[in-house]
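Me: Please take me closely through one part of this model, and then connect what you find there with the rest of the chain. I am new to this, so please explain each term when you first use it.

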Amino acid sequence: MNAPVSSSAVPEVPVKRHDVATVLEQLRRVVGDDFAWSGGDTKAEPYLRDWHGDHVAAALAVVMPATTAQVQAVVRYCAAQGVAVVPQGGNTGLVLGALPLDTGDRVIVLGLGRMNAIRHIDQGNYSMTVESGCILQTVQEAAATAGFLFPVSLGAEGSCQIGGNISTNAGGVNVLRYGMMREQILGLEVVLPDGSVMHNLKGLRKDNRGVDVNQLFIGAEGVLGIVTAASLRLSPLPQNVVTALLALNSVDDAVQLYLQARKRCGDLMTAFELMPQNVLTLAQEALPDTVAPMSLEHSTYVLVEFSGAELVDVAGILERFLEHVMEDGILQDAVIAHSHAQAATLWRYREAVNEAQALRGLHLRSDVSVSISRMAEFIEQVEHRLQEAFPNSLVVGYGHIGDGNVHVNVLPPADFSTAQRLALIDAGSSLITECVMAFDGSFSAEHGVGRLKKSTFNHYADAAQRDVLHKLKLCVDPKNIMNPGCLLS
Ligand SMILES: Cc1cc2nc3c(=O)[nH]c(=O)nc-3n(C[C@H](O)[C@H](O)[C@H](O)COP(=O)(O)OP(=O)(O)OC[C@H]3O[C@@H](n4cnc5c(N)ncnc54)[C@H](O)[C@@H]3O)c2cc1C
């Protein structure tokens with residue numbers, strides 16, 4: 001374990017009693033009467049509950065500014081009064097980063113949902129400038145309407161916001177071709193903890209004027225400032241997209257197939273999602289009226305998507321590739337979607353995995369990564385250890401195998417009490433983290449650290465790296481008003 005950080009630990013927000021009525025009055029002066037509520041108001045409720053409904057937070061108030069100037073005014077007021085600010089996007093984060101669970105009487109939640117303008121699409125520059133409260137799906141649709149692709153795509157895209165995607169450096173299903181959110185950022189507009197604004201929305205692809213300060217705010221989980229707008233990189237909209245569900249005999253074969261596809265088909269592959277048999281069966285629980293797209297007799301399935309420009313014969317290339325891997329004995333069976341509707345059904349299975357797990361009640365979820373070359377060995381080992389520890393539970397491992405990212409989850413038996421489930425989550429999480437660290441991996445591949453994984457982060461992070469982070473936080477936010485309790489302690 002690393003030595004604790006002492007010299008540069010972030011200060012506590014000064015504990016000061018705040019009068020809710022006064023705070024609310026001041027916030028309403030900035031945003032208007034209809035857009036600031038006390039923490040006890042029913043309108044504030046959705047902003048104080050996590051996506052799964054497992055946690056409920058408390059706050060002095062929830063405020064919804066509509067402009068960068070309003071965000072600035074709210075932050076200035078809070079900084080002067082010693083009130084902490086928790087920025088919140090779509091509140092779909094899975095590590096409790098946007099919920100003030102530990103600062104009740106001295107914090108407000110600042111929701112970005114009203115800052116949802118698409119400011120500009122620069123067709124010649126392949127870029128668009130959007131406000132941080134834009135829903136991801138809205139950004140994808142606006143880009144597509146203009147003939148471009150905004151490639152970040154994930155299960156929560158109908159609710160999560162660009163600012164949240166930036167602040168968690170979101171991944172999703174297209175990372176292996178387009179990279180994570182970080183790769184889509186050309187510049188940011190950020191309100192800093194003292195209320196000043198960093199403007200960098202020029203949309204330049206090359207700009208080597210020293211350190212790229214934008215990078216500090218990507219994946220920072222709102223602890224350094226509030227992202228109010230972003231200049232995003234766009235890609236050509238693929239004209240030919242082919243989706244297929246492939247049946248295999250093992251995770252090892254899935255990794256081999258992935259490696260072959262990269263070698264033989266270049267960058268045409270945009271998604272490669274592992275879904276073992278028990279995961280597809282589980283997904284069916286959330287799709288009672290849907291007929292399975294193929295027989296589920298094989299142990300391992302992979303959902304792949306290939307895409308390319310108008311002149312690229314994507315379907316032909318995929319078919320030839322599948323013939324090769326079938327001859328090699330890797331591929332056992334395949335279903336190729338021949339319409340948008342068929343492709344949507346295949347993707348529906350992938351999306352239904354989350355819904356089906358939620359239907360099983362409180363359960364253990366993880367989001368880990370190891371190098372792709374050790375993926376099969378890792379999954380086998382961690383699943384074996386979990387099944388041994390929790391023999392009556394369902395252990396599932398699925399995810400973005402092309403990025404070395406797997407979600408290893410444990411669903412307890414239906415008759416487990418809440419206390420038993422919480423004990424399983426605690427013990428199982430430690431076991432998974434232990435395994436992933438033994439494989440030199442990460443205990444948070446996509447979702448971040450938030451409040452949920454903070455102690456694990458403190459335990460495992462490199463001491464020097466953690467020290468740099470604490471010093472950075474002290475420097476940018478010396479009063480520790482920006483999302484205290486999240487990521488750093
Ligand atoms: C069904 C489902 C599927 C998911 N799949 C994926 C996936 O495939 N890949 C993936 O990476 N994630 C996934 N997630 C997690 C989640 O959707 C992402 O982390 C998303 O990027 C969070 O965006 P949000 O707007 O909901 O942020 P929130 O949950 O509101 O906030 C997340 C963090 O960012 C901070 N924040 C939010 N907005 C701002 C801002 N404007 N400025 C500064 N800080 C801010 C918050 O304080 C918090 O720390 C999934 C979640 C669900 C529920």
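**A ring and its surroundings**

Reply: Tyr460 has a relative accessibility of 33% and therefore counts as partly exposed, a class that lies between buried (under 20% relative accessible area) and exposed (over 50%), with a 1.4 Å probe and only protein chains considered. Before going on, please keep in mind that this is a predicted model, in which local features need pLDDT of at least 70 and side-chain atom pairs count only at pLDDT 80 or more, while totals for chains, interfaces and linings use all residues. Residues are numbered from 1 along each chain as its sequence is written, and side-chain values use heavy atoms, with hydrogens and water left out.

To place the ring of Tyr460, it helps to look at ring pairs in general. Rings of Phe, Tyr and Trp (its six-membered ring) pair if their centres lie within 6.5 Å, and the pair is called stacked when the planes are under 30 degrees apart, edge-to-face when they are over 60, and tilted otherwise. By this rule the structure holds six aromatic pairs. One of them joins Tyr126 to Phe148 in an edge-to-face arrangement, with 4.8 Å from centre to centre and 85° between the planes. This pair links distant parts of the chain, since Tyr126 sits in the loop between strand 5 (118-122) and strand 6 (127-131), whereas Phe148 belongs to strand 7 (residues 148-149), 22 residues apart; helices (H or I, at least four residues) and strands (E, at least two) are DSSP runs, numbered from the N terminus. Tyr126 is partly exposed because its relative accessibility is 34%, while Phe148, at 5%, is buried.

Now back to the chosen part: the rings of Tyr460 and Phe443 have their centres 6.5 Å apart and their planes at 45°, so this pair is tilted. Here too the pair links distant parts of the chain, with Phe443 in the loop between helix 12 (418-438) and helix 13 (454-460), and Tyr460 in helix 13, 17 residues apart. Phe443 has a relative accessibility of 11% and so counts as buried, whereas the ring partner Tyr460 is partly exposed at 33%.

Further along the chain, charged side chains come into view. Side chains of opposite charge can pair when their charged atoms come close. Such a contact is called a salt bridge when a side-chain nitrogen of Lys or Arg is within 4 Å of a carboxyl oxygen of Asp or Glu, and a search of the whole structure finds 15 of them. One joins Asp467 to Lys471, with 2.9 Å from N to O, and both residues lie in helix 14 (residues 463-476), four residues apart, which is about one turn of the helix. Asp467 counts as buried because its relative accessibility is 18%, but Lys471, at 46%, is partly exposed. Another salt bridge brings the side chains of Lys473 and Asp477 together at 2.7 Å, N to O, and here both residues are buried.

In the segment after helix 14 we reach Leu487, which has a positive phi of about 65° although it is not a glycine. Most residues other than glycine have a negative phi, and most peptide bonds are trans. With a relative accessibility of 9%, Leu487 counts as buried. A positive phi is also found at Asn169, which is not a glycine either and has a value of about 45°; Asn169 is placed in the loop between helix 4 (162-167) and helix 5 (175-178), and its relative accessible area of 13% is why it is called buried.

Elsewhere in the chain, Glu377 forms a salt bridge with Arg374, the closest N and O atoms being 3.8 Å apart. Glu377 is partly exposed because its relative accessible area is 42%, and Arg374 counts as partly exposed at 31%. In addition, Arg119, Glu131 and Glu189 are linked in a network of salt bridges.

Finally, Asp313, Glu319, Glu323 and Glu327 gather in a surface patch of negative charge, where a patch is made of residues with over 30% relative accessible area and no salt bridge, like charges being joined within 9 Å and nonpolar side chains (Val, Leu, Ile, Met, Phe, Trp, Tyr) within 5 Å. Glu327 belongs to helix 9 (residues 314-327), and this residue is exposed because its relative accessible area is 66%.

Notes
Areas by Shrake-Rupley, 256 points an atom, 1.4 Å probe, with all protein chains shown as cover. Lys, Arg positive; Asp, Glu negative; His and termini not counted. Charge placed at Lys NZ, Arg CZ, Asp CG, Glu CD.
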